[in-house]
Amino acid sequence: MKPDLFEAPDYYNLDELLSAEHKLVRDTTREWVKRSVSPIIEDYAQKAEFPKQIIGGLAEIGAFGPYIPVEYGGAGLDQISYGLIMQEIERGDSGIRSTASVQSSLVMYPIWKYGNETQRKKYLPKLASGKWVGCFGLTEPDHGSNPGGMATNFKDMGDHYLLNGAKLWISNAPFAQVAIVWAKNEQGRIHGLIVERGMEGFTTPETHNKWSLRASATGELIFDDVKVPKENLLPNKSGLGAPLGCLDSARYGIAWGAIGAAMDCYDTALRYSKERIQFGKPIGQFQLQQKKLAEMITEITKAQLLAWRLGVLRNEGKATSAQISMAKRNNVEMAINIAREARQILGGMGITGEYSIMRHMMNLESVITYEGTHDIHLLITGLDITGLNGFK
Ligand SMILES: Cc1cc2nc3c(=O)[nH]c(=O)nc-3n(C[C@H](O)[C@H](O)[C@H](O)COP(=O)(O)OP(=O)(O)OC[C@H]3O[C@@H](n4cnc5c(N)ncnc54)[C@H](O)[C@@H]3O)c2cc1C
């Protein structure tokens, strides 16, 4: 792969909206990505393997629980810093950002928000330090966009719960030490359970042959009469709103992350367009290529403003789920469109692993599908503005 010469576009001087701490967090993450992700990522994506050796580095830069309080091992940062960390990691690779998102928003967040003090103290420091990696089991083979229909269930056996069912498409599953599993009790109410690797009847087969997020490990969670200790139930929230609360946090991170992937594609294409000579001129001098590049920077700038404003609202505790849906949907579509256009600017070179664009493009096919598909987020906006439920 070519050396990482990334320079971030900032067409509207967004830096002026960031604090010194935001910039420090962003620049530290950017440098770490250049040093630890860029040199190896293409190789791991080609091998379809998650680079486990970077887990310690992700923990060190505060990517595991950026906004979780310091007393539990988190970085204690605000929502803009969290977003900037996700942006910079996804600039390297969406699969690596997925691991950080899952750990922070889908594993640490529910333990912090819905768990008790014993659970927080037991799990959060281990997860923040990267000693343990976690996963989040919501999606099932027959229940994707409609997780409320889930079949995974647990029964109260007096001194423990008995968990049965299966989850599919679970990021980090093949190597995670701990899983936050959403399952229904005998009354049909959804609860979160902390399931640990090693519990009898719990297996995590890997999902192979993916053309997307190849540097992220995806798998199943299978529960065959798993005895879960009663103290492993998250006591402070139940119902579908509990997993959806985690998804709000993760989707917000994706809204920023997608900008990173888009910036990398744009920056690569811009540089290439000035160096590649055809018909005696740099291709960047042709109006057709300028149109592509001009539209890319316009869309990136709009997405940056959307993410920043959403971050401010989240810092103030005012962002709604529907606002988060809009940003996730818009920014991921923006990124995938830019990846496709940037790929064309590189001509044949665009399909090789010499450049990051094709990898981003394929990764974004998962990003536009997980954490609520593109269609589902549109339905969320539709419901919000009309008050009419278009889901069913
Ligand atoms: C690489 C990867 C990693 C993932 N990681 C995780 C994870 O860590 N944890 C986890 O729990 N899940 C994870 N997922 C699952 C992901 O969230 C689901 O794939 C997603 O929610 C869509 O579900 P589905 O694939 O079953 O598609 P379906 O729900 O079957 O949808 C198929 C199509 O139908 C459309 N559709 C569905 N319902 C409607 C409707 N009411 N109106 C209009 N159109 C509709 C959808 O938009 C989509 O286009 C991951 C997925 C991938 C690909």
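Between two helix axes, an angle under 35 degrees counts as roughly parallel, one over 145 as roughly antiparallel, one from 65 to 115 as roughly perpendicular, and the rest as oblique. In this predicted model, the axes of helix α3 (residues 79–92) and helix α9 (residues 357–367) cross at roughly 130 degrees and come within 10 Å. The two helices, α3 and α9, are therefore oblique to each other. On the α3 side, the contact is formed by E90, R91 and G92, while α9 contributes R359, H360, L364 and V367. By character, the residues of this contact between α3 and α9 comprise three charged, two polar and two nonpolar.

The ligand is the second subject. It is surrounded by 18 residues, of which T139, S145, W169, T373 and D375 are the closest. W169 also places a polar backbone atom 2.7 Å from a nitrogen atom of the ligand. A polar backbone atom of F391 is 3.1 Å from a nitrogen atom of the ligand, and an oxygen atom of the ligand lies 3.0 Å from a backbone N or O atom of L138. On its own, the ligand has 970 Å² of accessible area, and the protein covers 68% of that area.

Key. Residues are numbered from 1 along each chain as its sequence is written. This is a predicted model: local features need pLDDT of at least 70, side-chain atom pairs count only at pLDDT 80 or more; totals for chains, interfaces and linings use all residues. Side-chain values use heavy atoms; hydrogens and water are left out. Axes are lines fitted to C-alpha atoms, for helices over the stretch in contact, and angles run from 0 to 180 degrees between N-to-C directions. Helices (H or I, at least four residues) and strands (E, at least two) are DSSP runs, numbered from the N terminus. Contact means heavy atoms within 4.5 Å. Ala, Val, Leu, Ile, Met, Phe, Trp, Tyr, Cys and Pro count as nonpolar, Asp, Glu, Lys and Arg as charged, and the others, Gly among them, as polar. A residue is near a molecule or strand if one of its heavy atoms lies within 4 Å of it. A polar contact is a pair of N or O atoms within 3.5 Å; within protein, one must be able to donate a hydrogen and the other to accept it, and residues adjacent in sequence count only if both atoms are side-chain atoms. Accessible areas come from the Shrake-Rupley method with a 1.4 Å probe; for residues, only the protein chains shown count as cover.
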